Amino acid sequence: MDYNRILQGKYPAKAHAKRVADYIRSKVPGATGVLYVESRGTKLLEDNDENEPFRQRRYFYYLTGCPLADCYLVYDMDTTKSTLFIPPIDPESVIWSGLPVSAEEAKQQFDVDEVRYTNDINATLAHEGAEKANATVFAIPNQVSEQVTFLEFDHKNFSILKEAIEVSRVIKDEFELAMIAKANDISSEAHLAVMKRVKHAENERELEALFLQKCIAAGARNQAYHSIVAAGRAAATLHYVHNNAPMAGKLNLLLDAGCEWDCYASDITRTFPINGKFSTESRAIYDIVYKMQLDCIAALKEGVLWDDVHLLAHKIAIDGLLELGILKGDKDEILASRTSVAFFPHGLGHYLGMDTHDTGGNPNYADKDTMFRYLRVRGSLPAGSVITVEPGIYFCNFIIDPFLKDAKHAKYIDAGVLEKYWDVGGVRIEDNILITETGSQNLTPAIKDPAEMEKIIAES
């Protein structure tokens with residue numbers, strides 16, 4: 001994908017707004033009026049005179065492509081006119097922070113029809129409401145500032161806009177895919193840098209710092225999520241956050257890290273040997289997870305039921321663990337008993353976009369089936385969606401010990417063989433996959449072939 005060419009254009013905000021308006025009309029026939037969204041506001045740190053770190057509100061960004069704080073958008077559903085409201089120039093602020101974006105500059109940068117200043121917002125809304133008979137303002141609960149009023153509108157709907165944006169976000173257009181691809185390229189280079197440094201590092205925090213440095217140097221200042229830099233047994237903690245443990249004497253590093261590019265995320269995990277050579281046990285587990293990922297990716301295309309792909313991953317895991325002797329007994333009985341959940345407790349992946357765990361997945365965390373309870377996506381996959389495929393096998397005492405104490409599961413686990421694998425910690429491999437009509441496209445170029453990883457580390 002030539003994402004640099006694509007990204008020379010404007011973020012297609014008006015096309016997104018039309019898609020959202022069409023969704024609303026599919027649920028509210030004949031709907032007329034305006035869509036109203038706000039950006040995140042600036043807020044001072046407690047007991048401090050500096051602003052809190054700013055993260056743009058995704059619902060606003062989807063309809064504007066605007067990264068600025070303290071802004072509003074009004075989109076007329078009937079005329080398709082979009083009006084962006086940005087903060088006016090504050091002379092006191094200019095002294096410290098320089099000139100902000102002007103209305104003229106904003107009109108050039110963002111895909112909107114008109115740009116005004118925020119002190120015009122209430123007058124504009126009053127005009128819109130008074131001019132249209134039976135008009136509705138569609139807004140998002142708890143995302144409307146106190147000073148903003150909708151008095152002239154006959155109807156106010158706070159129930160459908162959030163849903164409409166979340167559903168619309170599932171299918172990505174070319175521009176969105178280009179941003180995800182760019183984030184993936186930058187993150188993949190940062191993963192490679194960590195791989196080349198890993199055997200020389202003394203502490204996990206050195207590798208987190210290196211990953212951040214590579215991303216920021218490439219123009220991606222923001223991370224899509226808090227990095228997981230887990231050495232040894234720490235890799236068995238799914239969302240390990242400490243990233244500060246010594247690495248001496250540990251087998252593998254699990255690196256789950258990804259930057260974002262203009263509010264669009266990457267989410268990549270690689271697991272590799274710290275000394276440049278997988279131990280026998282580590283390589284055996286890696287090969288199982290690698291097969292889980294490759295076979296699951298091969299099964300993807302438009303209309304595939306994600307539950308079925310997740311089930312496939314468990315079947316491959318069971319076959320592999322049976323071959324190693326960690327599991328024992330009949331594979332169909334093991335699957336039916338859900339014993340494999342002890343080693344692969346999370347869902348196979350999630351939608352990816354402006355959020356790492358993106359919207360529209362319709363999870364069911366109340367599902368009584370433990371194999372599917374933590375799936376973040378349920379249902380069939382549409383073409384144009386981007387999903388992560390991230391199988392893993394983990395050796396976590398906290399998770400596995402209850403299975404060993406439960407006769408229903410213990411009969412399928414060989415505790416003696418299991419003893420050899422605790423130091424493996426956990427292996428996860430994660431790529432970002434675009435679903436197409438006939439298959440899929442992998443957006444993640446980070447190296448994952450085990451022999452190639454060993455070679456890179458050994459020669460570094």
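Colleague: What percentage of the 460 residues of the protein count as buried?
Modeller: The model is a predicted one, and a residue is called buried in it when its relative accessible area is under 20%. Of the 460 residues of the protein, the share that counts as buried is 54%.

Colleague: What radius of gyration does the protein have, set against that of a compact globule with 460 residues?
Modeller: For a chain of 460 residues, a compact globule would be expected to have a radius of gyration near 23 Å. The C-alpha trace spans about 75 × 50 × 45 Å along its principal axes. The radius of gyration of the protein agrees with the expectation for a compact globule, because its value is 25 Å.

Colleague: Of the contacts with a separation of 6 or more, what percentage is accounted for by residues 24 or more positions apart?
Modeller: The secondary structure of the protein comes to 16 helices and 16 strands, and contacts can join residues that stand far from one another along the chain. When the contacts with a separation of 6 or more are taken, the part that comes from residues 24 or more positions apart is 73%.

Colleague: How far apart are the mean positions of the positive and negative charges of the protein?
Modeller: The protein exposes about 20,200 Å², and carbon and sulfur atoms supply 50% of that area. As for charges, there are 49 positive and 67 negative ones, and the distance between their two mean positions is 4 Å.

Colleague: The side chain of R233 meets which residue in a salt bridge?
Modeller: The structure holds 28 salt bridges, and in the one formed by R233 the distance from N to O is 2.8 Å. R233 lies in the loop between β7 (228-231) and β8 (252-257) and its partner in the loop between α15 (415-418) and β14 (426-428), so the pair ties together parts that are 190 residues apart in sequence. R233 is partly exposed at a relative accessible area of 45%, and the partner is also partly exposed, at 43%. That partner is D423.

Colleague: Is E454 buried or exposed?
Modeller: E454 forms a salt bridge with K277, with the closest N and O atoms 3.8 Å apart. This pair links distant parts of the chain, since E454 is in helix α16 (residues 450-459) and K277 in the loop between β11 (268-273) and α10 (280-298), 177 residues apart. K277 is exposed, with a relative accessible area of 55%, whereas E454, with a relative accessible area of 10%, is buried.

Colleague: Which residue meets the side chain of E390 in a salt bridge?
Modeller: In this salt bridge the distance from N to O is 3.9 Å. E390 lies in the loop between β12 (386-389) and β13 (392-394) and its partner in strand β14, so the two parts tied together are 38 residues apart in sequence. E390 counts as buried because its relative accessibility is 9%, and the partner counts as buried because its value is 3%. The partner of E390 is R428.

Colleague: In which loop is C263 placed?
Modeller: Most residues other than glycine have a negative phi. C263 has a positive value instead, near 75 degrees, and this residue counts as buried because its relative accessibility is 9%. The place of C263 is in the loop between β9 (260-261) and β10 (264-265).

Colleague: Near what value is phi of R338?
Modeller: R338 lies in the loop between α12 (331-337) and β12, and at 19% relative accessibility R338 counts as buried, because the cut-off is under 20%. R338 is a residue other than glycine with a positive phi, near 70 degrees.

Colleague: How far apart in space are Q8 and Y374, C-alpha to C-alpha?
Modeller: Q8 is found in the loop between α1 (3-6) and α2 (13-27), and it counts as exposed because its relative accessibility is 70%. Q8 and Y374 are 366 residues apart in sequence, and their C-alpha atoms are separated in space by 39 Å.

Colleague: Leaving aside neighbours within four places in sequence, which residues are in contact with A193?
Modeller: A193 is found in helix α8 (residues 174-197) and is buried, with a relative accessible area of 15%. Its C-alpha atom is separated by 7.3 Å from that of F211, which is 18 residues away along the chain. With neighbours within four places left aside, the residues in contact with A193 are L210 and K214.

Key:
Residues are numbered from 1 along each chain as its sequence is written. This is a predicted model: local features need pLDDT of at least 70, side-chain atom pairs count only at pLDDT 80 or more; totals for chains, interfaces and linings use all residues. Side-chain values use heavy atoms; hydrogens and water are left out. Helices (H or I, at least four residues) and strands (E, at least two) are DSSP runs, numbered from the N terminus. The radius of gyration is taken over C-alpha atoms; the globule rule is 2.2 Å times the number of residues to the power 0.38. Buried means under 20% relative accessible area, exposed over 50%, partly exposed in between (1.4 Å probe, protein chains only). Contact means heavy atoms within 4.5 Å. Accessible areas come from the Shrake-Rupley method with a 1.4 Å probe; for residues, only the protein chains shown count as cover. Lys and Arg count as positive and Asp and Glu as negative; His and the chain ends are not counted. The place of a charge is taken as NZ of Lys, CZ of Arg, CG of Asp or CD of Glu. A salt bridge is a side-chain nitrogen of Lys or Arg within 4 Å of a carboxyl oxygen of Asp or Glu.
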